[in-house]
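Open the model in your viewer and keep the selection tool at hand. The tour below goes from stop to stop and says what to select at each.

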Amino acid sequence: MEYRRMGKTEELVSPLGFGMMRPPLVTGDQGSPIFGAGQIDEKASADMLRRAIDMGINYVDTAYNYQNGGSEILTGNALLGGYREKVFIATKSPVFLYTGEGDFDRFLEEQLKRLHTDYIDFYLLHGLSADTWKNLALKYGAPEKLLAAKKAGKVRHIGFSFHDSFDAFREIVDYWDEWEFCQIQLNYIDENSQAGVKGLKYAAERDLGVAIMEPLRGGYLVNVPDNVKSEIAASGKTPVELALDYLWDMPEVSVVLSGMGSISQAEENIGYAEKARPGMFTDRDRQAVKGAVRQFATFDNIPCTGCNYCSVCPQGIGISTHFSAYNEYQTHKDLERGKKYYKYTVPLFGAYATECVKCGACESICPQHINITELLPKVVEMFAE
């Protein structure tokens with residue numbers, strides 16, 4: 001496996017990083033304040049992570065809020081017994097939960113305990129946008145607190161993750177020279193969305209390491225419809241392999257994060273990572289991507305990645321599963337299949353959207369900036385009996 005330089009940090013990281021946002025579950029989902037987080041299959045998750053590390057993965061990404069805190073606890077426990085020393089831990093300060101000056105330090109101390117470590121290798125301000133940057137991060141002095149934590153030895157490298165426009169991204173990058181890395185959403189469908197390829201290159205020009213999230217767009221680029229599958233088949237690669245290679249082809253990409261759900265899936269992705277090289281894309285690969293993008297554009301899908309940040313809904317509505325049902329119909333044009341998904345799957349993860357009071361809590365935190373309260377009634381109407 002060819003390890004990559006993580007920008008000015010000079011750390012060498014595996015081209016594939018292990019994302020801990022969606023660990024295998026025994027029951028339930030990512031959870032909400034009302035319905036609670038799903039029960040993590042701790043043994044399966046730990047075995048999978050350790051197997052990936054044994055095969056060369058050295059970058060593990062989690063966050064304070066993943067699985068209502070369960071992800072960090074799982075990560076910390078799984079890395080006991082000598083695995084902590086083999087990896088870089090990346091986790092994030094939950095800027096969107098700040099309410100006072102002391103929150104940064106309080107969250108960091110809690111995270112160090114959860115992770116059973118004295119320091120975090122890569123620490124990010126989580127999910128910055130123009131709004132959270134100005135009204136939360138700067139208001140409560142988060143950048144300066146990050147630097148202080150680094151000087152105190154509790155954090156080794158400082159950065160931020162991001163969901164907003166390129167202009168907002170550029171403003172944050174240009175704030176100071178202390179940034180060492182960043183994390184952005186990027187895949188072959190979203191190359192011009194949010195920070196996009198333009199943001200990737202802008203960060204790399206300033207020698208920032210760049211971690212990529214949503215390389216498979218929450219699974220959307222995995223189980224693709226037949227017309228997309230036929231375009232991808234021309235490359236001789238699987239949908240997952242083509243999507244990952246698209247990113248590894250770019251020398252500006254340091255590490256690509258994937259939330260793997262089984263040991264076999266991890267082994268498959270690591271097999272792809274072992275062949276990862278900048279400049280690896282062929283003309284046939286490029287044509288396959290162009291064809292896939294063209295076919296995807298024919299579907300009227302909602303750009304939900306299933307991250308479930310919207311689980312803050314005070315009514316406990318299973319928002320992402322509503323959108324999954326809608327996209328299931330749009331992709332396969334099978335109304336009965338969509339209705340069945342809606343009827344039987346949504347109740348497993350929350351209330352129906354008929355309970356929505358349009359409070360807007362979901363929209364204020366959605367990384368994809370989806371007009372959720374406008375779209376939910378559309379889903380209800382489509383699947384109404």
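A residue counts as buried when its relative accessible area is under 20%, as exposed when that area is over 50%, and as partly exposed in between. The model on screen is a predicted one.

**Stop 1: salt bridges**

Select Glu180. With 7% relative accessibility, Glu180 is under the 20% cut-off and therefore buried. Now add Lys150, which forms a salt bridge with Glu180, the closest N and O atoms being 3.2 Å apart. This pair links distant parts of the chain: Lys150 belongs to helix α5, while Glu180 sits in the loop between α6 (166-173) and β10, 30 residues apart. Lys150 has a relative accessible area of 29%, so Lys150 is partly exposed.

Go next to helix α1 (residues 42-54), which holds both Asp47 and Lys43, 4 residues apart, or about one turn of the helix. Their side chains meet in a salt bridge at 2.7 Å, N to O. Asp47 is partly exposed at 29% relative accessibility, and Lys43 is exposed at 61%.

Then select Arg294 and Glu231, whose side chains form a salt bridge of 3.4 Å, N to O. Arg294 is in helix α11 (residues 283-296) and Glu231 in helix α8 (residues 226-233), so far along the chain from each other that 63 residues separate them.

Which residues are linked with Arg84 in a network of salt bridges? Select Glu11, Asp121 and Arg156 along with Arg84 to see the network. The model has 24 salt bridges by the rule used here.

**Stop 2: charges over rings**

Keep Arg84 selected and add Tyr119: Arg84 lies over the face of this ring, at 4.6 Å from the ring centre. Arg114 is placed over the face of Tyr64, at 4.3 Å from the ring centre.

**Stop 3: aromatic pairs**

The count of aromatic pairs comes to 21. Select Tyr98 and Tyr140, an edge-to-face pair with 6.5 Å centre to centre and 80° between the planes. Tyr98 lies in the loop between β7 (88-93) and α3 (103-114) and Tyr140 in the loop between α4 (130-137) and α5 (142-151), so the pair ties together parts that are 42 residues apart in sequence. Are these two rings buried or exposed? Tyr98 is buried at 5% relative accessibility, and Tyr140 is buried at 11%.

Tyr188 and Tyr246 are also an edge-to-face pair, with ring centres 6.2 Å apart and planes at 80°. Tyr188 is in the loop between β10 (181-185) and α7 (196-205), and Tyr246 is in helix α9 (residues 239-248), 58 residues apart. Tyr188 is buried at 2% relative accessibility, and Tyr246 is buried at 7%.

For a cluster linked by ring pairs, select Trp133, Phe160, Phe162, Phe169, Tyr175, Trp176 and Trp179.

**Stop 4: helix α9**

Stay with Tyr246 and select the helix around it. In α9, 10 of its 10 residues are buried. Among them are Glu241, Asp245 and Trp248.

**Stop 5: strand β3**

Finish at strand β3 (residues 16-19), which is covered on both faces: Leu16 and Phe18 are buried on one side, Gly17 and Gly19 on the other. Add strand β12 (residues 255-258), which runs parallel to β3 and is joined to it by 3 bridges. Phe18 has Ser258 as its bridge partner in β12. Strand β6 (residues 59-61) also pairs with β3 in the parallel sense, over 2 bridges. There, Asp61 is the bridge partner of Gly19.

Conventions
Residues are numbered from 1 along each chain as its sequence is written. This is a predicted model: local features need pLDDT of at least 70, side-chain atom pairs count only at pLDDT 80 or more; totals for chains, interfaces and linings use all residues. Side-chain values use heavy atoms; hydrogens and water are left out. Rings of Phe, Tyr and Trp (its six-membered ring) pair if their centres lie within 6.5 Å; planes under 30 degrees apart count as stacked, over 60 as edge-to-face and the rest as tilted. Buried means under 20% relative accessible area, exposed over 50%, partly exposed in between (1.4 Å probe, protein chains only). A charge sits over a ring if NZ of Lys or CZ of Arg is within 6 Å of the ring centre and within 35 degrees of the ring normal. Two strands pair if DSSP finds at least two bridges between them. A salt bridge is a side-chain nitrogen of Lys or Arg within 4 Å of a carboxyl oxygen of Asp or Glu.
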